[in-house]
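Biologist: I would like to learn how to read a model like this one, feature by feature. Where should we start?

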Amino acid sequence: MEFPKELRYSEEHEWVRVEGNKAYIGITSFAQSELGDIVFVELPEVGSTIQRDEPFGSVESVKTVSELYAPVTGKVLEINAALEEEPELVNTSSYDKAWMIVVELSDSSELDKLMDADKYEAMVKE
């Protein structure tokens, strides 16, 4: 299981990679391994606003449907359209090709409420 050090993590198993005022968001390799084979990803509309700790989409696997919770607040600038055709990217490349959305951060201080890789790894191994 991977826990990239440059990312921040939420308790709901989303990761955040910050580039300037943009946050790339996806789900962790732990989350996708728990869900199993991903068959569908529902993402918000470009231009919509997501609120920290509120659902912004869902991931459907052969086992279940799981809501995606926003780790930060912001305006959706981009969605990963590749996931519409290839939702299995979440299973094979959860940190690279399977980013889900890019948001413009409304409040960068929210990043301080997320876990670093070591704390997230400790949480999932409990």
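Biologist: Where is K63 found?

Modeller: K63 is found in the loop between β6 (55-61) and β7 (65-69). The model is a predicted one. An unreviewed UniProt entry annotates K63 as "modified residue: N6-lipoyllysine".

Biologist: Is K63 buried or exposed?

Modeller: The test is the relative accessible area, and exposed means over 50%. K63 has 59%, so it is exposed.

Biologist: Which residues is K63 in contact with, leaving aside its neighbours within four places in sequence?

Modeller: They are E34, L35 and G36. There is also a polar contact: the K63 side chain reaches the backbone oxygen of E34 at 3.1 Å.

Biologist: Now the sheet. What is the order of its strands?

Modeller: To read a sheet, follow the pairing from one edge to the other. Here the sheet is open, has six strands with antiparallel pairing, and runs β1-β2-β3-β9-β8-β5. The edges are β1 (8-9) and β5 (49-50), each of which pairs on one side only.

Biologist: How many bridges join β2 to β3?

Modeller: Six, between residues 14-19 of β2 and residues 22-27 of β3, and the two strands run antiparallel. Within this pairing, R17 stands opposite Y24 of β3.

Biologist: What is the bridge partner of Y24 in β9?

Modeller: It is V102. The pairing of β3 with β9 is antiparallel and has four bridges. V102 is also the bridge partner of E78. Strand β8 (residues 74-79) pairs with β9 over five bridges, again in the antiparallel sense.

Biologist: Why is β9 described as largely enclosed by the rest of the structure?

Modeller: Count the buried residues, where buried means under 20% relative accessible area. In β9 four of the five residues are buried, so the rest of the structure largely encloses this strand.

Biologist: How do side chains sit along a regular strand?

Modeller: They alternate between the two faces of the sheet. As a single case to look at, take V16, which is found in β2. V16 is buried, with a relative accessible area of 1%. Not counting residues up to four places away in sequence, V16 touches L7, R8, A23, Y24, I25, P71, L111 and L114. Sequence distance and spatial distance are separate readings: V16 and Y95 are 79 residues apart in sequence, while their C-alpha atoms are 9.6 Å apart in space.

Biologist: Which residues touch the most other members of the largest nonpolar core?

Modeller: That core has 25 residues, and those with the most contacts to other members are I25, I50, V72, V90, M100 and V103. The elements giving two or more residues to the core are β3, α1, β4 (38-42), β6, α3 (89-92) and β9 (101-105). There is a second, separate core of 13 residues, which includes Y9, W15, W99 and V124.

Biologist: What is I25 in contact with, leaving aside its neighbours within four places in sequence?

Modeller: The list is E14, W15, V16, I50, F56, P71, V72, W99, M100, I101 and V103.

Biologist: Which residues of helix α4 are buried?

Modeller: For a helix, list the buried residues and then look at their directions around the axis. In α4 (residues 117-124) the buried ones are A117, Y120 and V124. They cover an arc of only 65 degrees around the axis, so they lie on the same side of α4. These buried residues pack against β1 and α1. At the start of α4, a side-chain oxygen of D116 comes to within 3.2 Å of the backbone nitrogen of D118.

Biologist: Is T28 buried or exposed?

Modeller: T28 counts as buried, at 0% relative accessibility. Its place is in the loop between β3 and α1 (29-35). Beyond residues up to four places away in sequence, T28 touches Y9, H13, E14, W15, S94, Y95 and Y120.

Biologist: What is the phi of H13?

Modeller: H13 has a positive phi of about 75 degrees, although it is not a glycine. This residue is in the loop between β1 and β2. D53, also not a glycine, has a positive phi of about 70 degrees. The place of D53 is in the loop between β5 and β6, and D53 is partly exposed, with a relative accessible area of 43%.

Technical notes: Residues are numbered from 1 along each chain as its sequence is written. This is a predicted model: local features need pLDDT of at least 70, side-chain atom pairs count only at pLDDT 80 or more; totals for chains, interfaces and linings use all residues. Side-chain values use heavy atoms; hydrogens and water are left out. Two strands pair if DSSP finds at least two bridges between them. UniProt positions are given in the numbering used here, feature names are shortened, and annotations may be inferred rather than shown by experiment. Buried means under 20% relative accessible area, exposed over 50%, partly exposed in between (1.4 Å probe, protein chains only). Contact means heavy atoms within 4.5 Å. A polar contact is a pair of N or O atoms within 3.5 Å; within protein, one must be able to donate a hydrogen and the other to accept it, and residues adjacent in sequence count only if both atoms are side-chain atoms. The arc is that of the directions from the helix axis to the C-beta atoms. A nonpolar core is a set of buried Ala, Val, Leu, Ile, Met, Phe, Trp, Tyr and Cys residues joined through side-chain atoms within 4.5 Å.
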